[in-house]
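Me: Hi! I'd like to go through a protein model with you and ask some basic questions. Could you put it up first?

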Amino acid sequence: MNREALKKAIDNLSIQMIYLHSTNAYFHNGFDPLIPSQQLEGQFNIATNSYYFKEIQNVNGDKHRILVYRTEARMRYLKGPIPDELKSDQGNEEELNKLLASEIVAEFISEYVIKCDGELPQDAILEFGRINVPHQVWPYWREYCQSTCARMSLPVSMLPMYAINEKTESL
């Protein structure tokens with residue numbers, strides 16, 4: 001983790017808005033959620049995919065520069081039990097897709113007012129998007145995922161709190 005770049009972004013960005021931009025929810029492979037006693041294993045991830053800048057003008061004529069991030073969150077249930085060799089090997093995505101029962105995908109937009117007059121360095125923008133943005137989007141994703149699971153008659157999984165771990169820090 002580039003702490004210096006991250007601090008520069010934190011010091012110069014102020015959260016303005018987070019909202020759901022788009023979503024899809026699917027059943028796969030003929031899965032029927034109403035069949036009792038099915039073993040399902042949940043997998044989830046979140047990642048900021050891109051960013052862009054925009055400028056807005058308020059009613060007083062003041063202009064504000066905004067940094068906008070697009071973050072994708074995914075939750076999927078796989079029909080279990082999942083063999084250990086499929087869990088540990090990232091190259092088996094095709095085999096895992098055969099076990100796919102359902103999937104919820106959501107894209108969130110998060111907007112941050114840029115408080116400094118100059119340009120933010122690229123490394124600060126990227127590090128903030130990698131570390132802070134998913135952390136701030138996560139509560140919105142948790143609520144959306146839980147309510148969508150309930151609407152789809154899927155088990156409502158309690159997504160954990162989003163935590164920055166050593167693996168995240170070293171990326």
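Reply: Here we can chat about aromatic rings, a helix and some cysteines. This is a predicted model, in which local features need pLDDT of at least 70 and side-chain atom pairs count only at pLDDT 80 or more, while totals for chains, interfaces and linings use all residues. Residues are numbered from 1 along each chain as its sequence is written, and side-chain values use heavy atoms, with hydrogens and water left out.

Me: Cool. How many aromatic pairs does the structure hold?

Reply: There are eight aromatic pairs. Rings of Phe, Tyr and Trp (its six-membered ring) pair if their centres lie within 6.5 Å; planes under 30 degrees apart count as stacked, over 60 as edge-to-face and the rest as tilted. In one of the pairs, Tyr-51 and Phe-53 have ring centres 5.9 Å apart and planes at 85°, so they are edge-to-face.

Me: Are Tyr-51 and Phe-53 buried or exposed, or something in between?

Reply: Tyr-51 is partly exposed, at 26% relative accessible area, and Phe-53 is partly exposed too, at 44%. Buried means under 20% relative accessible area, exposed over 50%, and partly exposed in between (1.4 Å probe, protein chains only).

Me: And what about the rings of Tyr-112 and Phe-128?

Reply: Their centres are 5.0 Å apart and their planes are at 90°, so that pair is edge-to-face. The pair links distant parts of the chain, with Tyr-112 in strand S4 (residues 100-114) and Phe-128 in helix H4 (residues 122-151), 16 residues apart. Helices (H or I, at least four residues) and strands (E, at least two) are DSSP runs, numbered from the N terminus. Both Tyr-112 and Phe-128 are buried.

Me: Which residues do ring pairs link into a cluster?

Reply: The cluster consists of Tyr-51, Phe-53, Tyr-69, Tyr-112 and Phe-128.

Me: New topic: which residues of helix H1 are buried?

Reply: In H1 (residues 3-12), those are Ala-5, Leu-6, Ala-9 and Asn-12. They cover an arc of only 140° around the axis (taken from the directions from the helix axis to the C-beta atoms), so they lie on the same side of H1. Arg-3 and Glu-4 are exposed on the other side of H1.

Me: What do the buried residues of H1 pack against?

Reply: They pack against strand S1 (13-27), S4 and H4, where contact means heavy atoms within 4.5 Å.

Me: Last one: how many disulfides does the structure hold?

Reply: Zero; a disulfide is a pair of cysteine sulfur atoms within 2.5 Å. For Cys-149, the nearest cysteine sulfur is that of Cys-145, 4.3 Å away. Cys-149 is buried, with a relative accessible area of 1%.
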